[in-house]
Amino acid sequence: MFDRLSSLVAALTLIAVAAIFAALAGGDALTIAILALAGIIGVAAVHAALPASLPEPQAALPAEVPPLSLLRHPDFALWVDQEQEPLIGVAGTIVTIANDAAVRLLGRHIVGADVRTAIRHPAATEWLARIGGEVPLETLNLVDFPRPGQRWTMRVAALSGGDRIIFLSDRSAIDAADRMRSDFVANASHELRTPLAAILGYVETLQDMNGEGDGPMRHRFLSIIEREAGRMQQLVIDLLSISRVEADRFRRPTTPVDLAAIVRRTIAQLQDSEAARPKDIVAQFGTEPQPMLGDEAQLGQLAHNIISNAMKYGRAGTPVTVELAREGQRVRLSVSDEGDGIAPDHLPRLTERFYRVDEARSRSVGGTGLGLAIVKHISERHQGLLDIESELGKGTRVSVAFPLAED
């Protein structure tokens, strides 16, 4: 299709050709002028009748599409349920999605509820009231949430369209470990300070005594100093032992050892030492070896701690029975005494560091409060199962079942 400009050029060309032919044919000037005028009028009429030039095609503008909501994507819901820690999706201030961990923590009713009422904690309520602001929210600590003694942290990630994800993380175990570490340092300092204060006090007393002082009293003071120094030495040895055991707890022993030979050697050492009641030890295990993979020094320390505890806290003249018995693919080392026994409420805490049932008696027999804690860590490193049974007035039985080495 011609546009107006093309039509005009074509018409003028035809008029010029017509005028030339008229002149060649011998037409007069008036005829040529009338013919040219008629042609011009025709060109004007054609030019007026033709449509204007078509506009250039323009790309269609896309319609404005609202941003997709990540919270409503099915793959997001699938991923959320695989997360171990609580996770909550919020549109505005309404909870639109909560994974299984969040439902277990806060309840199924939180989906569809206002997030400020879903997480019931005073600090969380104030923190969530600012969730729509422009200032980024810092990580918040929720103390005693959801129960006393627990601590959780809460943080938020902003998405497009006003959606947000709230992450809740349990920090109770980390706090418990920090408290345990602090208590350990405090207890160790206290245990060292007590004998050290006694040593310094008696040394000062001896220094103030004249050379002609009472000989028996001087000897008594020196004996006390020796005893307290021995307590300090044993405490330092036990602290170093538990530190070494903890450093190796994730490394499984690979050396073949004979548990029967280790226990037999430990009993002989205790009977030859100056420990009380050496003759009360009664060994009840045969001559056959009990092969396992282990650390010989640590297993010897484990046996020494269990047997010496029974000798300290059992009644004099009663047997301290040491047994080794196979139970399927395991061998169980058991040590029983006939002492006063332990109340049931104390049993779960016996392997805690520095925990004592009777603090005065424990110190009088030279206990540091670390013996069973060392036993626990050595057992765990060797994949052993520690069990403590006791009955008041009848005695206590401590046993550890170790896996036997495969043939």
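The following exercises, with worked solutions, concern a predicted model.

Local features require pLDDT of at least 70 and side-chain atom pairs count only at pLDDT 80 or more, while totals for chains, interfaces and linings use all residues. Residues are numbered from 1 along each chain as its sequence is written, and side-chain values use heavy atoms, without hydrogens and water.

**Exercise 1.** Determine whether Val156 is buried, partly exposed or exposed.

*Solution.* Step one: locate Val156 in strand 4 (residues 151-158); strands are DSSP runs of E with at least two residues, numbered from the N terminus. Step two: apply the limits, with buried under 20% relative accessible area, exposed over 50% and partly exposed in between (1.4 Å probe, protein chains only). Step three: Val156 has 21% relative accessibility and therefore counts as partly exposed.

**Exercise 2.** Compare the expected span of helix 7 with the distance between its end C-alpha atoms.

*Solution.* Step one: helix 7 covers 172-208, a helix being a DSSP run of H or I with at least four residues. Step two: the expected span is 1.5 Å times one less than the number of residues, so the 37 residues of helix 7 should span 54 Å. Step three: the end C-alpha atoms of helix 7 are 53 Å apart, which agrees.

**Exercise 3.** State which residues of helix 7 are buried.

*Solution.* Step one: use the limit for buried given in Exercise 1. Step two: the buried residues of helix 7 are Ser172, Asp175, Phe184, Ala188, Glu191, Pro195, Ile199 and Leu206.
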